[in-house]
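Reader: I'd like a close look at one part of this protein, namely the charged side chains that pair up with each other. Could you walk me through them and then show me what sits around them?

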Amino acid sequence: SSGINAEYGGFDYDGSAHLYQTDPSGTFHEWKANAIGRNGKTVREFLEKHYTDEIAASDEACIKLTVRALLEVVQSGGKNIELAVMRRGKALEILDTKTVEKLVEETEAERDAEAEAKKKAAGKS
């Protein structure tokens with residue numbers, strides 16, 4: 001089948017956030033975190049594995065999870081990543097390239113430190 005998949009999000013009157021995906025047949029699904037497009041399945045699986053309500057409660061943790069998920073499929077770091085942040089009652093914020101590059105560097109350093117800690121732990125057992 002051909003057609004357009006779309007994602008859209010927003011906030012209810014009570015302030016709760018919602019994210020929906022529609023497919024070409026008109027079917028829609030609500031998600032807590034999702035990705036569509038090329039490599040969307042890989043990113044979605046990463047999000048399903050790592051998303052928690054604790055992460056959802058923190059802007060910084062959500063953004064970092066998003067960056068980590070995108071780094072699973074994006075080559076050359078932040079150059080190929082664009083991020084927009086929605087917050088209730090505020091205009092959509094598109095993060096500038098410098099901010100995205102900084103987030104990528106921080107996220108890669110954290111990921112490398114976690115991998116190193118796992119190596120050390122595996123060596124001790």
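Author: Let's start with a yardstick: a residue counts as exposed when its relative accessible area is over 50%, as buried when it is under 20%, and as partly exposed in between. By that cut-off aspartate 53 is exposed, because its relative accessible area is 51%. Keep in mind that this is a predicted model.

Now for the pairing itself. Side chains of opposite charge can pair when their charged atoms come close. Across the whole structure, a search turns up nine salt bridges. Aspartate 53 takes part in one of them, with lysine 32 as its partner and 3.7 Å from N to O. This pair ties together distant parts of the chain, 21 residues apart: aspartate 53 belongs to helix H2 (residues 53-56), while lysine 32 sits in the loop between strand E3 (28-31) and helix H1 (40-50). Lysine 32 is exposed too, at a relative accessible area of 62%.

Next, have a look at helix H3. Lysine 64 and glutamate 60 form a salt bridge there, 3.6 Å from N to O. Both lie in H3, four residues apart, or about one turn of the helix. Their surroundings are another matter: lysine 64 has a relative accessible area of 13%, so it counts as buried, whereas glutamate 60 is exposed at 53%. The two also belong to a network of salt bridges that links Glu60, Lys64, Lys102, Glu106 and Glu110.

A further bridge joins arginine 87 to glutamate 93, at 2.5 Å from N to O. Arginine 87 is partly exposed, with 24% relative accessibility, and glutamate 93 is partly exposed as well, at 34%. Arginine 87 also leads us inward, since it is on the contact list of isoleucine 63. Leaving aside neighbours within four places in sequence, isoleucine 63 touches Leu83, Val85, Arg87, Leu95 and Leu103.

Isoleucine 63 is part of the largest nonpolar core, which has 11 residues, among them Val67, Leu71, Leu83, Val85, Leu95 and Leu103. Helix H3 (59-71) and helix H4 (97-124) are the elements that give two or more residues to this core. There's also a second, separate core of eight residues, including Ala35, Ile55, Leu65 and Ala69.

Helix H4 deserves a moment of its own. Its buried residues are Val100, Leu103, Val104 and Thr107, and H3 is part of what covers them. The length of H4 checks out as well: at 1.5 Å a residue, its 28 residues should span 40 Å, and the end C-alpha atoms are 41 Å apart, which agrees.

Back on the outside, Phe11, Met86, Leu92 and Ile94 make a nonpolar surface patch with about 410 Å² of accessible area together. Methionine 86 sits in the loop between strand E4 (84-85) and strand E5 (93-94), and it is partly exposed at 42%.

To place all this in the whole chain: there are four helices and five strands, and they follow the pattern β-β-β-α-α-α-β-β-α along the sequence. Buried residues account for 22% of the 125 residues. The chain exposes about 9100 Å², of which carbon and sulfur atoms supply 51%.

Definitions and conventions
Residues numbered from 1 in each chain as written. Predicted model: local features only at pLDDT ≥ 70, side-chain atom pairs only at ≥ 80, totals over all residues. Heavy atoms only, no water. Core = buried A, V, L, I, M, F, W, Y, C linked by side-chain atoms within 4.5 Å. Buried < 20%, exposed > 50% of the residue type's maximum accessible area, 1.4 Å probe, protein only. Contact = heavy atoms within 4.5 Å. Patch = residues over 30% accessible without salt bridge, like charges linked within 9 Å, V, L, I, M, F, W, Y side chains within 5 Å. Areas by Shrake-Rupley, 256 points an atom, 1.4 Å probe, with all protein chains shown as cover. Salt bridge = Lys/Arg side-chain N within 4 Å of Asp/Glu carboxyl O. Expected span 1.5 Å × (residues − 1).
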